[in-house]
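Student: Could you take a close look at one part of this model for me, the place where the two chains meet, and then tie it to the rest? I'd like one connected walk-through rather than a list.

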2 protein chains.
Amino acid sequence: MSARADKLMTMSQAPDSAVRTYIEQHRAAFLDDLAEWLRIPSVSAQPDHAADVRRSADWLAAKLRETGFPTVEVWATPGAPAVFAEWPADDPAAPTVLVYGHHDVQPAAREDGWDSDPFEPVVRGNRLHARGAADDKGQVFFHTLGVRAHLATTGRTAPAVHLKMLVEGEEESGSVHFRSLVEEHADRLAADAVIVSDTGMWAGDTPTVCTGMRGLAECEIQFHGPDQDIHSGSFGGAVPNPATAVARLVAALHDEHARVTIPGFYDGVTEPTDRERALLAELPFDEEQWLRTAKSYATHGEAGHTTLERVWTRPTAEVNGIGGGYQGPGSKTIVPASAMVKLSFRLVAGQDPDHIEKIVRDWTATRVPAGIRYAITFAAATRPCLTPLDHPALQSVVRAMSRAFDKRVRYTREGGSGPAADLQDVLGAPVLFLGISVPSDGWHAPNEKVEIDLLLKGVETTAYLWGDLAESWRHES
Amino acid sequence: MSARADKLMTMSQAPDSAVRTYIEQHRAAFLDDLAEWLRIPSVSAQPDHAADVRRSADWLAAKLRETGFPTVEVWATPGAPAVFAEWPADDPAAPTVLVYGHHDVQPAAREDGWDSDPFEPVVRGNRLHARGAADDKGQVFFHTLGVRAHLATTGRTAPAVHLKMLVEGEEESGSVHFRSLVEEHADRLAADAVIVSDTGMWAGDTPTVCTGMRGLAECEIQFHGPDQDIHSGSFGGAVPNPATAVARLVAALHDEHARVTIPGFYDGVTEPTDRERALLAELPFDEEQWLRTAKSYATHGEAGHTTLERVWTRPTAEVNGIGGGYQGPGSKTIVPASAMVKLSFRLVAGQDPDHIEKIVRDWTATRVPAGIRYAITFAAATRPCLTPLDHPALQSVVRAMSRAFDKRVRYTREGGSGPAADLQDVLGAPVLFLGISVPSDGWHAPNEKVEIDLLLKGVETTAYLWGDLAESWRHES
């Protein structure tokens, strides 16, 4: 840490002991409140829980008002409602931060393998078990006690930053209305930085901050051969087979180094810097354990990159589904009428989904055999996002987290793609990821839990963060 | 035709006019009888027609007894019954011929697009419409009047050859018990030649004889990657994808000349002779029309061969089905747990299905990426069959047909594979194909029909055939 950063850490910050004392005093009430929220089965994917999702939004809105947010609104969408809250700083020049999370949860039922009712929170030792405990109610909720600790221990009446929160209700069912919601309210949501609290960290003893997510472009390519399935004895070997043609297209996607061969695919890719690669290499990565998590039997990917680089920093072309002809039991001697492949491309910073769509279309067009007709359709894409390591807001998150955990904070990225990219896109603000969940928390799985001490470290991190951010970003800008 | 063949044609043969008169005299009764048989809906694929299939066998058995066969038996199988009939020649040294056909039919319903009840035969001009009219009851049935014309016009009391017939009841449902039936009764079925009447000829004005069928080896190859579908964001690009691996396997099946690349695949292949290629080239082949029949938009196949050579004389590797991962609407960002491909290999004379299975297994084994587990299963194979152009029995068929049609008879082959190969295999006899059906007869389709004048040419052909065969083969052996 630079001398300047050390200096920043001393400015206008509450002493750590005062924050910790405050959190300890309010811990029981905080956990009771969270448990109350977790009892609401806000399952957005199940229509019969629509009323519960609305109740969850109302519950959160009331709690944010109680926390002190002067403006709290429940925003309707054609689907489930989102909650918006705003708490301006006293200083109009303070930076504006938008916290993103979601209040809906994955489906859960006792018979899926839960040891107790998924919507009746249970504390076992350091763990709070309930659907949504980690994903994402717990991580949204630590911001409420965090901002109160920030105020109480600094004597402020308003946060050091203009604080906004947007907590959507459809994340677990595809965030289908999220982008239009953000576009509609872009002026209310305007921010200098977005902090996403819907992710995790490397491990309980390895606090990390995530600096980016991959984007996503998806398409389906249909190849049509004969007008109907035809007899492979009468015609096989003399007409083009669309299943063979799709297979040859897919086989041509990667070269022998597992690099994507589509011309222009790597155009503009932001390569990880040597420092980033070195930082990733510092993570205590156990490939055998990673393979167990991947339920896979070997690593395989782009030559010249480690597994973590492959999933976090490299673009990919992946077959999600392939199909054509007869797939039932036994055999059927046909030349199939058609075949298709569903491809997804994970994108990294510097790649433009529109460019990817164009080059995939061009590449496909040149590879369709005579006599095969084809169609290619793209779904809405998600852009990649990446915050540079030296971004001042990122450095604030790292410092705040490092104080809370009393440990060096390391860097990760996220291989998946998410609605956070819409915020970056529409609001033009960098996206930072502050999460305290750990891989064992069981997102989307039975017995989901959150580690209570990590949850309180989340509270503590935000108790430091807003002051640090206001100070350092003011100094930087 | 050689001078010797000309000489053979004059020996012990009924004069053509006598045969034609006999057929004309019995034509009405013959068509009435056939219509009676066609009224029995012997659909072997539909369990509720099992009694009809048995009734069809009994009906045929009675008719063969009435025709004069001294031995007629209905042979039970675990499925539908077959009919066996035997009529020894007076001369114990005469060759033995086994006629093969089937008495079961494809499903048919008025609402499939029939202009009349498929099981109520209708004559419209020269056409007899009914399910089974061409496939295969009509073509089995012409043998009954044929052998009677042979006897009546030569004054014989027994056919010139030892005549056997085997008419199975499961051809339209996969001939599942056929091979074991033939093995069980191999001694009763023993023959010097098999004549299959379950095929067609080139066109009404182009009589042809088919000299061979391709064989068939079929397999399914399963590739297993992760133990379950895994998230393509978290793991994509860093583990092997079984759908990609299957696609790469399929893509490697053929080289840029559309030749099969599996080492040893062409081992032993009986190349068509220059004469055979010249004879095939003489057929009035219209590629545009063939493409319409194939419902396809281009020809494609092994370099250096015409379309007819490709489907009749060349072995193939064809994808009948491919599948893996998500194939529903929209998208699912997964690395699939598994993928599979169903392949069929059409085989030609000189290829051994056991060898093909071995080399496909070996080739697959060398192409499975690390981290992919695989399984490959082969179905029961069908051997190819091919009768040399100069085989005496084939020359008899050509001469008999040529007399009946008053035209030069040309040669075809069959690209498909059928149970006839089991007869060749088990009985060790060459298989000849004598069929009078034309492509427009609508096998397996609505409004199936047979051309009555061609049906009677079938009668006439067999009226000449047994005498010719007995004479010429005796001379040759």
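Tutor: One cut-off before we start, as we'll need it at the end: a residue counts as exposed if 12 or fewer other C-beta atoms lie within 10 Å of its own, and as buried if 20 or more do. Also keep in mind that this is a predicted model.

Now the place where the chains meet. On the chain B side, 66 residues are in contact with 67 residues of chain A. The elements of chain B that give two or more residues to that side are strand 9 (215–224), strand 10 (230–231), helix 7 (242–251), helix 10 (307–313), strand 11 (316–325), strand 12 (334–335) and strand 13 (338–347). Strand 11 of chain B gives the most, with nine residues. Sorted by class, the chain B side has 25 nonpolar, 29 polar and 12 charged residues.

Stay with strand 11 for a moment. Strand 11 (residues 316–325) of chain A is joined to strand 11 of chain B by five bridges, and the two run antiparallel. Look for A:Gly323 there: opposite it, in strand 11 of chain B, stands B:Gly323. As a general reminder, strands of a sheet pair through backbone hydrogen bonds, either parallel or antiparallel.

How does chain B lie relative to chain A, in terms of turn and shift? A turn of 180 degrees with a shift of 0.1 Å along the axis lays chain B on chain A, with an RMSD of 0.1 Å. That is why you can call the relation a two-fold axis. Both copies use the same surface, too: 100% of the contact residues of chain B recur in chain A.

Next, step back to the domains. Chain A is divided into domain 1 (3–213 + 385–476) and domain 2 (215–269 + 315–378). The centres of these two domains of chain A, taken over C-alpha atoms, are 40 Å apart. Their contact takes five residues from domain 1 and four residues from domain 2. On the domain 1 side of that contact there are two nonpolar, three polar and no charged residues.

Away from the chain contact, find the open sheet of three strands in chain A, with the order 4-5-18 and antiparallel pairing. Strand 4 (122–124) and strand 18 (449–451) of chain A are the edge strands, each pairing on one side only. From one strand to the next the twist averages 25 degrees. Strand 5 (residues 127–129) of chain A pairs with strand 18 of chain A over three bridges, in the antiparallel sense. One bridge to pick out is that of A:Arg127, whose partner in strand 18 of chain A is A:Glu451.

Chain B has an open sheet of three strands in the order 4-5-18 as well, again with antiparallel pairing. Here, look at the other pairing: strand 4 of chain B and strand 5 (residues 127–129) of chain B pair in the antiparallel sense over three bridges. B:Arg124 stands opposite B:Arg127 in strand 5 of chain B.

Follow the chain on from strand 5 and you reach an oddity of the backbone. In chain A, the peptide bond from A:Asp135 to A:Asp136 is cis, with omega near 10 degrees. A:Asp136 sits in the loop between strand 5 and helix 4 (137–154) of chain A. In chain B, B:Asp135 and B:Asp136 are likewise joined by a cis peptide bond, with omega about 10 degrees, and B:Asp136 lies in the loop between strand 5 and helix 4 (137–154) of chain B.

Last stop, strand 16 (residues 410–414) of chain B. This strand is mostly covered, with four of its five residues buried. Strand 8 (residues 208–213) of chain B runs parallel to strand 16 of chain B, and four bridges join them. Within that pairing, B:Val209 has B:Tyr411 of strand 16 as its bridge partner.

The loop between helix 12 (392–405) and strand 16 of chain B holds B:Asp406. B:Asp406 has a positive phi of about 55 degrees although it is not a glycine. Is B:Asp406 buried or exposed? B:Asp406 has 9 other C-beta atoms within 10 Å, so it counts as exposed. In chain A, A:Asp406 also has a positive phi of about 55 degrees without being a glycine, and A:Asp406 is exposed, with 9 other C-beta atoms within 10 Å.

Terms used. Residues numbered from 1 in each chain as written. Chains lettered and ligands numbered in written order. Predicted model: local features only at pLDDT ≥ 70, side-chain atom pairs only at ≥ 80, totals over all residues. Pairing = 2+ DSSP bridges. Axes fitted to C-alpha atoms, helices over the stretch in contact; angles between N-to-C directions. Contact = placed C-beta atoms within 7 Å. Nonpolar A, V, L, I, M, F, W, Y, C, P; charged D, E, K, R; others polar. Domains from an automatic or database assignment. Least-squares fit on C-alpha atoms with pLDDT ≥ 70 in both.
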